[in-house]
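Here are a few exercises to help you find your way around a new structure. Try each task by eye before you read the solution.

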Amino acid sequence: GNLYVNERLDREEMCGESATCSVSFEAVVQNPLNVFHVEVAIEDVNDNTPRFLQNKFQLEINEVTSPGARFYLGMAEDADVGSNSLQGYDLEANGYFTVEVKESQDGSKSAELVLRHSLDRETEQSLRLMLTALDGGDPPRTGTAQLWINVTDANDNPPVFAQDRYRVSLREDAPPGSTVLNVSASDADDGTNAHITYGFGKMAAKVLQKFTVDAQSGMIMLQEPLDFEDTRAFSLTVEATDGGGLLAHCKVEVEVLDVNDNPPEITILSLSSPVPEDAPAGTVVALLNVNDLDSGENGQVSCELSGEAPLAIVASSGGSYKVVTASALDREQASEHRVTVVARDRGRPALSSSTELVLEVSDVNDNAPVFEEAAYSAYVSENNAAGALVLRVVAVDADAGQNAWLSYELAKATEPALFRVGLHSGEVRTARAVSERDAAKQRVVAVVKDHGQPALSATATLHVVLAESLQEALPELSERAAGGEAAAAAELQFYLVLALALLSALFLLSV
């Protein structure tokens, strides 16, 4: 009467997910013949392991997801029932997630991933965690699946420049197209959020015209020529913008280096021309200002005079120079002096410029008139008409202008009323008719004066012989020649003979 198991029982195959499982059959017993109804309850044993429908879960979770967020993972399957069925889930220890069991009305248990702490893709871009499903058997059976969590980027990081401030030097003769500097910024985000473009911030239009920046590489290049004398430094504001619109700024200080491209500039501030010839040595005749727009040695200037002139140049303060007389001037030797002022800087190579100074020397009455002859002799016949061809005295003056304007007068005479002299011509004429009562020998002193202040003068003595004929006058003239003036008398005799002949002819004609 024993009932045996004929083959291995499988409750899950026989009853599926039913909470209870039994097998009913009829048993026939003979002697005595009888029929028994038999119902065998099949009890579950923990012979099935919980099993996830997939062995790997992949989740994309944004790093800005708030703590407390839940992510459905589904549920594992366990063919066992009762306490041997799926009871819960376990998650590998980590700092961000836990797993919770969510039981539905039909008793099924699903797993939910719960975010406990904020994610940071820049700290940890992905997590690989082991998810375990447990049943209630003794010992329990488990099933596992890989949980791959990829932390997606949020634009929570602005770009960061390698330096907050860049400094670069650039020669002012750098040609347009020259590379100034390459700025660089990085972004800890990912994808488009990490894609950086470069540009200039708000700056003066003058600066924006001078420079350009490549949007992709951050390369700053020169766009227009520089001029140290115009602008010695530029301050550029460079912006880096990521794909999410976050900005970063840096400063680029561009120092312009001077190049010796400006020659000195000479400005004549004052020129005292003409200068009187009696000006003492050291008299300032010109003031100059020399300026060089360059800096350093390129802007240090020295000046010198080129040319032969009694002038010298003396440095003053603040780039000023004085041109002074180096010695006494003499207008009678040189009435004008021309010199060239040469200014040269200390650049390499040096640049220079020049300008010409023309200094006129004004006259000072420092030369007295001089008669051509110290003494004059003349022959005048008596009984001639008043105003008679006696003599002309001639004087010259080395001065100029009114200092050389000459006037003649008689200072002394044997017969003061007998002769007169032309004020400007120097012609000595008879003032009245010559008579027998007049002395045969007349001595007349002529004075010539210039118009200087004060006036300078000179005298000449005229010896006049009154005679009826040339033969009568010749002995007197010969005596004067024997006195040491033979050469002068011989010349004078020639003129006197000529004059007397003319006078005789006129006299006869008048008679």
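**Exercise 1: Buried cysteines**

At 2% relative accessibility, C250 counts as buried. Keep in mind that this is a predicted model.

Task: Decide whether C21 and C303 are buried or exposed, given that buried means under 20% relative accessible area.

Solution: Start with C21. Its relative accessible area is 6%, so C21 is buried. Next take C303, which has 15% relative accessibility and therefore counts as buried too.

**Exercise 2: The disulfide**

Task: Find which residues the disulfide joins, and work out its handedness from the torsion about the S-S bond.

Solution: Look for cysteine sulfur atoms within 2.5 Å of each other. That rule gives a count of 1 disulfide. The partners are C15 and C21, with an S to S distance of 1.7 Å. Now turn to the torsion about their S-S bond: it is about 65°, so the disulfide is right-handed.

**Exercise 3: Nonpolar cores**

Task: Locate the largest nonpolar core and say which strand gives the most to it.

Solution: First, some background: in soluble globular proteins, nonpolar side chains tend to be buried together. Here the largest nonpolar core has 29 residues, and F161, V183, F211, I220, L236 and V252 are those with the most contacts inside it. Then check the elements: those giving two or more residues include strand 11 (165–171), strand 17 (233–241) and strand 18 (247–257). Strand 18 comes out on top, with 5 residues.

To see the surroundings of one member, pick V183. Leaving out residues up to four places away in sequence, V183 touches F161, Y166, Y198, S217, G218, I220, V238, C250 and V252. There's also a second, separate core, which has 25 residues, among them V99, L113, L119 and V151.

**Exercise 4: An open sheet**

Task: Take the open sheet with the order 19-21-24-23 and identify its edge strands.

Solution: Read along the order: 4 strands, with antiparallel pairing. Strand 19 (265–271) and strand 23 (311–315) are at the edges, each having a single partner strand, so one side of each has no neighbour in the sheet. From one strand to the next, the twist averages 25°. Now zoom in on strand 21 (residues 284–291) and strand 24 (residues 320–325), which are paired over 5 bridges. One place to look is N289, whose bridge partner in strand 24 is S320.

**Exercise 5: Annotated spans**

Task: How much strand is there over residues 267–371?

Solution: Begin with the record: an unreviewed UniProt entry annotates "domain: Cadherin" over several spans, including 1–52 and 267–371. Over residues 267–371 the chain is 52% strand and 0% helix, with end C-alpha atoms 48 Å apart. Residues 1–52 are 31% strand and 10% helix, and their end C-alpha atoms lie 45 Å apart.

Terms used: Residues are numbered from 1 along each chain as its sequence is written. This is a predicted model: local features need pLDDT of at least 70, side-chain atom pairs count only at pLDDT 80 or more; totals for chains, interfaces and linings use all residues. Side-chain values use heavy atoms; hydrogens and water are left out. UniProt positions are given in the numbering used here, feature names are shortened, and annotations may be inferred rather than shown by experiment. A nonpolar core is a set of buried Ala, Val, Leu, Ile, Met, Phe, Trp, Tyr and Cys residues joined through side-chain atoms within 4.5 Å. Buried means under 20% relative accessible area, exposed over 50%, partly exposed in between (1.4 Å probe, protein chains only). Contact means heavy atoms within 4.5 Å. Two strands pair if DSSP finds at least two bridges between them. Axes are lines fitted to C-alpha atoms, for helices over the stretch in contact, and angles run from 0 to 180 degrees between N-to-C directions.
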